[in-house]
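Me: Got a minute to walk through this model with me? I'd like to go through it piece by piece.

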Amino acid sequence: MQYDVIVIGSGPGGYVAAIRCAQLGLKTAVIEKYNTFGGTCLNVGCIPSKALLDSSEHYHNAAHHFGTHGINLSNLKVDMKQMIARKNDVIAQNVAGIAFLFKKNKIDSFIGVGSFVDKNTVNITKNDGKTEQISGKHVIIATGSKPTALPFLPVDKKRIITSTEALTLTEVPNHLIVIGGGVIGLELGSVYARLGAKVSVIEYEKSILPTMDGSLGKELQRVLKKTLGVEFYLGHKVTGGSAKGKKVTIAAEDPKGQPVKWEGDYCIVAVGRTAYTEGLGLENVGIQLEERGKKIPVNEHLETSAPGIYAIGDVIKGAMLAHKAEDEGVLVAEHIAGQKPHIDYNLIPGVVYTWPEVASVGKTEEQLKAEGRTYKTGSFPFKASGRAKASGDTDGFVKVLADTETDEVLGVHMIGPRAADMIAEATVAMEYRASAEDIARICHAHPTFTEAFREASLAATANRAIHI
């Protein structure tokens with residue numbers, strides 16, 4: 001069967017690339033290894049984790065905050081089976097949505113493992129072992145990533161688990177050990193801490209969220225310790241561990257090199273993700289992986305060393321984010337169609353869906369200092385926000401970084417209520433190269449959380465915030 005474009009993988013990058021190709025009039029096929037579309041994001045990542053984060057946040061608020069609103073409850077308890085069932089229903093709705101979009105856009109889909117025979121021919125190995133081949137003028141690799149394993153700490157998927165198994169627990173752990181203080185570890189740790197688990201986070205770096213602006217990690221650590229009792233062990237190097245019966249033991253070295261250990265009933269290994277390229281037959285088309293990270297090298301058009309073969313999302317350089325993969329899918333589709341799209345990788349926002357939420361776009365203070373760029377900063381705390389006081393969400397702040405000479409906004413970093421949604425305003429402003437003064441002059445509805453962004457911009461321009 002002959003296609004204009006074959007997409008291998010149906011995650012956010014793959015399905016968006018396929019739909020955009022179809023919109024542009026290209027005959028498109030998608031090959032998916034699993035029986036459901038949507039990849040990690042829809043099945044065992046972004047969507048199910050947000051479903052559990054929302055459910056656990058409802059429970060935590062009912063248990064700890066409803067009383068202050070005059071809502072009194074008794075005999076409150078967690079029904080984990082129902083919580084997981086709701087999560088599964090959310091997944092099913094989203095997966096069905098992708099199948100509908102494929103049908104609507106006349107995209108052919110194949111279930112099986114796709115591998116290259118040559119640069120225009122892809123072999124599909126189905127679950128029953130049968131094979132078939134399809135050919136295409138262009139191929140887009142969008143196979144995503146999988147949880148990174150620690151060679152000295154084998155995952156048994158029962159007590160020592162990854163993020164995938166953490167989304168299907170049928171009980172609230174008594175003591176949950178989380179290895180990794182990044183996005184995945186903190187989000188999943190938050191879920192179970194809200195439900196009553198003791199949570200211990202072990203992080204190799206000296207701060208949590210080490211890739212984001214340093215002020216965000218410090219504030220989130222303070223809030224999670226205060227509100228959920230999460231324990232943090234920073235600068236600790238995990239050296240091993242084991243599971244026996246219902247007990248997990250994790251060993252590490254503290255910052256001074258002294259041995260320490262923890263005992264719990266579950267341990268989540270959340271030390272990052274690794275590009276998934278096994279079985280693609282890249283050697284058959286002359287594509288060699290990068291030595292570090294084992295990712296697929298691409299040029300500015302996301303084309304590999306094999307002409308006509310492209311790669312997007314987690315299998316190439318850059319942050320492993322669903323929305324990055326989506327934008328890259330659109331870029332490749334439009335490039336194939338002869339258009340001239342572009343992506344500003346500096347303006348891809350990052351979000352952590354804890355509560356308070358954490359969001360960031362642009363340069364961090366650490367990056368600006370390393371570049372030797374002069375900048376000014378303005379911050380505004382949510383404790384001074386009328387809307388935040390009304391909702392009881394007064395932890396966190398918004399920080400704006402602007403160029404000293406031009407006043408152009410260089411970075412926005414926020415931790416607070418609905419930061420995941422608010423960061424979009426900052427991204428739009430920076431896409432149009434707004435100054436802090438521009439934002440300060442824009443009328444923001446009152447009372448809203450986004451007023452904090454305006455106030456931080458006012459603070460960055462001659463320190464003239466109004467409400468603090």
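Me: How far apart do the C-alpha centres of domain 1 and domain 3 lie?
Reply: Those centres are 32 Å apart. The bounds, from an automatic or database domain assignment, give domain 1 as 2-147 + 274-337, domain 2 as 160-271 and domain 3 as 356-462.

Me: What should I know about the model and its numbering?
Reply: It's a predicted model, where local features need pLDDT of at least 70 and side-chain atom pairs count only at pLDDT 80 or more, while totals for chains, interfaces and linings use all residues. Residues are numbered from 1 along each chain as its sequence is written, and side-chain values use heavy atoms, leaving out hydrogens and water.

Me: OK, strands. Which strand pairs with β1?
Reply: β1 (residues 2-8) pairs with β6 (residues 131-141), in parallel, over 6 bridges. Strands here are DSSP E runs of at least two residues and helices are H or I runs of at least four, numbered from the N terminus; two strands pair if DSSP finds at least two bridges between them. Gln2 sits opposite Ser135 in β6.

Me: And how do β5 and β6 run?
Reply: Antiparallel, with 5 bridges joining β5 (residues 121-125) to β6. Ile124 faces Glu132 there. Their hairpin has 5 residues between the strands, and Gly129 takes a positive phi near 90 degrees in it.

Me: What about β6 and β17?
Reply: Those run parallel, with 3 bridges; β17 covers residues 309-311. Ile140 is opposite Tyr310.

Me: Switching: what's the strand order in the sheet with β13?
Reply: β12-β13-β14, an open sheet of 3 strands with antiparallel pairing. β12 (237-244) and β14 (259-264) are the edge strands, each pairing on one side only. β13 (residues 247-253) is joined to β14 by 6 bridges, and Ile250 has Trp262 as its bridge partner in β14.

Me: Now Leu73: where does it lie?
Reply: In the loop between α3 (46-64) and α4 (80-104). Leu73 has a relative accessible area of 48%, so it counts as partly exposed (buried is under 20%, exposed over 50%, partly exposed in between; 1.4 Å probe, protein chains only).

Me: Last one, Gln367: which helix is it in?
Reply: Helix α9, residues 365-371. Gln367 is partly exposed too, at 37% relative accessibility. Its C-alpha is 42 Å from that of Thr68, and the two are 299 residues apart along the chain.
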